[in-house]
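Colleague: I have a model open and would like to learn how to read its features. Could you walk me through them?

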Amino acid sequence: MDLLDSRRMRELISTLAASYNLLVIHTPSIALAADVMALLTEASGVIVVGRLGKTPYRAIIELRRTLAHFAAQTIGVSSSTTTTGA
């Protein structure tokens, strides 16, 4: 959690945000990397991506609680899926 929750990371985000209209930071799942939560306080919004047929309903509910706890605004939801075979 040291890197994402550091003064240097906050400064970097602030510098980039001042230079661009949109700053997208792609992170692993909050369920897999708890240090991602440190970025929630720096973000103006969150785009949630889930996998169709794979993301458990319970995980979605827990994510919703986590985002509410950090007052993170959900600005979009996307679903992804992969297809294998012929």
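**Reading the pocket, the fold and the core**

Modeller: Let's begin with the pocket lining: helix 3 gives the largest share of the lining of the largest pocket, seven residues. Keep in mind that this is a predicted model.

Colleague: Good to know. What volume does the largest pocket have?

Modeller: About 1,500 Å³. The lining counts 44 residues, and those closest to the pocket's centre are Thr27, Val46, Ile47, Val48 and Val49.

Colleague: Which elements each supply at least two residues of that lining?

Modeller: Helix 1 (7–19), helix 2, strand 1, helix 3 (57–69) and strand 2 (74–80). By residue type, the lining divides into 26 nonpolar, 14 polar and four charged.

Colleague: Let's step back to the fold. In what order do the elements of the chain run?

Modeller: Reading from the N terminus, the order is α-α-β-α-β, with three helices and two strands in the chain. For the contacts, look at sequence separation: among those between residues at least 6 apart in sequence, 72% join residues at least 24 apart.

Colleague: Is there a case I can find on screen? How far apart in space are Ser44 and Ala72, C-alpha to C-alpha?

Modeller: They are 7.3 Å apart, with their positions 28 residues apart in sequence. To find Ser44, look in the loop between helix 2 (37–40) and strand 1 (46–51).

Colleague: Now burial. Why does Ser44 count as exposed?

Modeller: Compare the relative accessibility with the cut-off: exposed means over 50%. Ser44 has 70%, so it counts as exposed.

Colleague: And Thr66, buried or exposed?

Modeller: Here the cut-off for buried is the one to use, under 20%. Thr66 counts as buried because its relative accessibility is 13%. This residue lies in helix 3 and, leaving out residues up to four places away in sequence, touches Ile30, Met37 and Leu40.

Colleague: What percentage of the chain's residues count as buried?

Modeller: Of 86 residues, 17%. The accessible surface of the chain is about 7,100 Å², and carbon and sulfur atoms hold 56% of that.

Colleague: Which residues make up the largest nonpolar core?

Modeller: Five of them: Leu40, Val46, Val48, Leu67 and Ala72. Try following Val48 outwards: beyond its neighbours within four places in sequence, Val48 is in contact with Leu63, Leu67, Thr74, Gly76, Val77 and Ser78. Val48 thus links our two topics, as a member of that core and as one of the residues closest to the centre of the largest pocket.

Notes: Residues are numbered from 1 along each chain as its sequence is written. This is a predicted model: local features need pLDDT of at least 70, side-chain atom pairs count only at pLDDT 80 or more; totals for chains, interfaces and linings use all residues. Side-chain values use heavy atoms; hydrogens and water are left out. A nonpolar core is a set of buried Ala, Val, Leu, Ile, Met, Phe, Trp, Tyr and Cys residues joined through side-chain atoms within 4.5 Å. Buried means under 20% relative accessible area, exposed over 50%, partly exposed in between (1.4 Å probe, protein chains only). Contact means heavy atoms within 4.5 Å. Helices (H or I, at least four residues) and strands (E, at least two) are DSSP runs, numbered from the N terminus. On a 1 Å grid over the protein atoms alone, a cavity is a set of points where a 1.4 Å probe fits but cannot get out, and a pocket is an open set with protein on both sides within 12 Å along at least five of seven lines; lining residues have an atom within 4 Å of a point. Grid points are joined across faces, edges and corners, and a volume is the space filled by probe spheres set on the points. Ala, Val, Leu, Ile, Met, Phe, Trp, Tyr, Cys and Pro count as nonpolar, Asp, Glu, Lys and Arg as charged, and the others, Gly among them, as polar. Accessible areas come from the Shrake-Rupley method with a 1.4 Å probe; for residues, only the protein chains shown count as cover.
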